[in-house]
Amino acid sequence: MTQPSPQPQPGQPGTPSGSPPTAHADAPQPSEADKLRELLRTPGYLKMLMFCGLIGIPVSLAAFWFLAGLHELERLVWADLPQALGHASPPWWWPLPLLLVSGICVGQIVTRLPGAGGHIPASGLHASSPGAAALPGVILAAVFSLPLGATLGPEAPLIALGGGLAIAFRHLTGTPETPMSTVLLGAAGSAAAVAAIFGNPLIAAVLLMELAGVGGPQLFAVMLPALLSSGIGSLVFTGFGRWTGLETGSLTVKLGVNSPRLDAGAVVWSILVAVAIAAAVHLIQYGGRLTAVRVARRPLTVTALCGLAAGACAAAYALGTGRSPADVASSGQATLAELAGDPHAWGVGALIAVLLCKGAAFSLCLGSLRGGPTFPALFLGAAAGVLLSPLPGLGVTAGLAAGLAAATTSALRLPVSSVVLVVLILGSAEMMPVVILSAVVAFVTTGLLPAGPPIPPVGRTARPAAPTP
């Protein structure tokens with residue numbers, strides 16, 4: 001008769017045969033805190049964390065000189081050179097030859113150098129690095145796009161530059177190559193570079209975290225209700241506190257400037273404004289995707305034609321308004337500061353003209369040249385907000401907040417990063433409920449609209465060196 005196998009007594013590890021114990025379905029699983037503690041105790045992770053901190057020094061220096069070089073080239077092309085030719089400001093025809101040259105040069109870079117000059121801006125921002133081999137093409141494409149008048153920003157080349165340099169330094173130091181180290185180094189390098197353009201490490205960290213998509217769709221499924229409820233909760237606390245005169249206490253500081261009062265009209269209009277601006281920015285990006293499809297078929301010819309057409313948009317704006325063509329043929333970073341500083345200096349006709357012309361140039365550049373979508377989207381949102389500010393109960397400040405948040409969220413599809421960025425730009429948390437509501441509404445509106453055709457690869461694409469987790 002077969003004897004039953006002895007059962008392990010409490011405190012005895014394993015089974016009688018010495019094999020590992022069988023896990024039961026009801027066995028307690030380690031908590032997230034336990035997993036984090038275990039990760040922090042791993043020597044390899046701590047070493048990689050230290051290396052990521054050190055890598056921020058050379059990457060930040062490279063990003064600084066890259067941005068400084070772009071700024072000096074832009075000043076040379078748009079200020080010094082026109083003055084040397086006897087013009088007080090760039091004439092109306094100035095962007096035509098510049099953007100034609102830009103299109104010709106970028107077309108050559110895309111088809112001849114590894115990495116195709118970086119990712120196509122119409123596909124949005126990417127957290128992955130194109131690899132060290134693609135960095136020359138990325139830098140050259142940015143140099144021949146941004147200073148010559150492309151309606152794009154420098155953040156996408158910066159992300160590629162930071163991630164590529166971090167991976168290159170890893171190879172130089174002989175650090176072991178693992179999927180985790182590649183992701184961490186790419187994200188750390190990109191964040192260090194992006195912090196240089198936004199001037200704040202917080203937005204860089206949030207942007208790269210959201211770009212990496214940690215948590216996938218579940219992240220957005222949890223994040224959107226949290227954002228929306230926090231915005232509505234802030235409205236309730238603000239309104240109820242004013243109605244009753246009571247205080248609950250909060251972790252805030254008093255600003256030394258007068259902030260506008262937030263009323264119901266601004267909240268209602270911000271929702272409607274967010275829907276309209278999100279749909280308009282999505283239409284611009286849809287056009288950028290269509291442009292990218294045509295560029296993929298004949299990259300040299302179509303890229304040059306798109307550059308010339310973007311220059312024609314800037315020239316038409318200058319002819320029609322008498323203002324500088326740089327309002328259209330630029331990232332919009334400097335013009336945004338002018339608009340926000342003195343919004344009443346822009347007439348209704350100038351605002352409509354810059355929205356139409358810059359929107360068309362933005363769509364063309366998204367599918368053909370190289371750069372990022374953030375700053376043009378910010379300017380378009382601000383211009384639309386100022387244009388709509390006379391609506392009863394809205395106002396300039398609330399219009400700016402709603403326009404900035406809606407346009408940035410629609411362009412980047414990153415609601416948390418957009419909220420943080422817009423609040424930092426406004427320099428005040430007074431309009432944060434409007435910013436949050438506009439960002440959530442714009443994100444949902446954009447998600448319900450058709451995404452557009454897929455963007456085919458162009459030129460000599462390089463395999464990304466830092467895939468998203």
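Okay, let's start on the inside: the residues that line the largest cavity split into five nonpolar, four polar and no charged. One thing to keep in mind as I go is that this is a predicted model.

So, which residues line that largest cavity? They are F198, I203, L207, T374, T408, L412, S417, S418 and L421. Three helices, α7 (201–212), α14 (396–412) and α15 (415–426), each give two or more residues to this lining. The biggest contributor is α15, with three residues. As for volume, the largest cavity comes out at about 40 Å³.

How many cavities of 30 Å³ or more does the structure hold? Two. The second largest has a volume of about 30 Å³, and its lining is made up of V110, I120, V295, T303, G367, S368, R370 and V458. Sorted by class, that lining has four nonpolar residues, three polar ones and one charged.

Now let's move on to a pocket. The second largest pocket has a volume of about 680 Å³. It's lined by 24 residues, and those closest to its centre are H71, E74, S330, S331 and A334. If you want to find this on your screen, look for α2 (43–84) and α11 (333–341), the elements that give two or more residues to the lining. The largest share comes from α2, which supplies seven residues. By class, the lining of this pocket has twelve nonpolar residues, seven polar and five charged.

Next, the surface. There's a nonpolar patch of about 730 Å² there, and M50, L54, I57, L61, F64 and W65 make it. Let me pick out one of them, F64, which sits in helix α2. That's the helix we just met in the pocket lining. Is F64 buried, exposed or partly exposed? F64 counts as partly exposed, because its relative accessibility is 47%.

For my last stop, take A142, over in helix α4 (residues 135–143). Its relative accessible area is 0%, so A142 is buried. And where is P154 relative to A142? Along the sequence the two are twelve residues apart, and in space their C-alpha atoms are 7.5 Å apart.

To recap the places to look at: the largest cavity, with α15 giving the most to its lining, the second largest pocket, with its largest share from α2, the nonpolar surface patch that includes F64, and the buried A142 in α4. That's it from me, thanks!

Conventions
Residues are numbered from 1 along each chain as its sequence is written. This is a predicted model: local features need pLDDT of at least 70, side-chain atom pairs count only at pLDDT 80 or more; totals for chains, interfaces and linings use all residues. Side-chain values use heavy atoms; hydrogens and water are left out. On a 1 Å grid over the protein atoms alone, a cavity is a set of points where a 1.4 Å probe fits but cannot get out, and a pocket is an open set with protein on both sides within 12 Å along at least five of seven lines; lining residues have an atom within 4 Å of a point. Grid points are joined across faces, edges and corners, and a volume is the space filled by probe spheres set on the points. Helices (H or I, at least four residues) and strands (E, at least two) are DSSP runs, numbered from the N terminus. Ala, Val, Leu, Ile, Met, Phe, Trp, Tyr, Cys and Pro count as nonpolar, Asp, Glu, Lys and Arg as charged, and the others, Gly among them, as polar. Patches are made of residues with over 30% relative accessible area and no salt bridge: like charges are joined within 9 Å, nonpolar side chains (Val, Leu, Ile, Met, Phe, Trp, Tyr) within 5 Å. Accessible areas come from the Shrake-Rupley method with a 1.4 Å probe; for residues, only the protein chains shown count as cover. A salt bridge is a side-chain nitrogen of Lys or Arg within 4 Å of a carboxyl oxygen of Asp or Glu. Buried means under 20% relative accessible area, exposed over 50%, partly exposed in between (1.4 Å probe, protein chains only).
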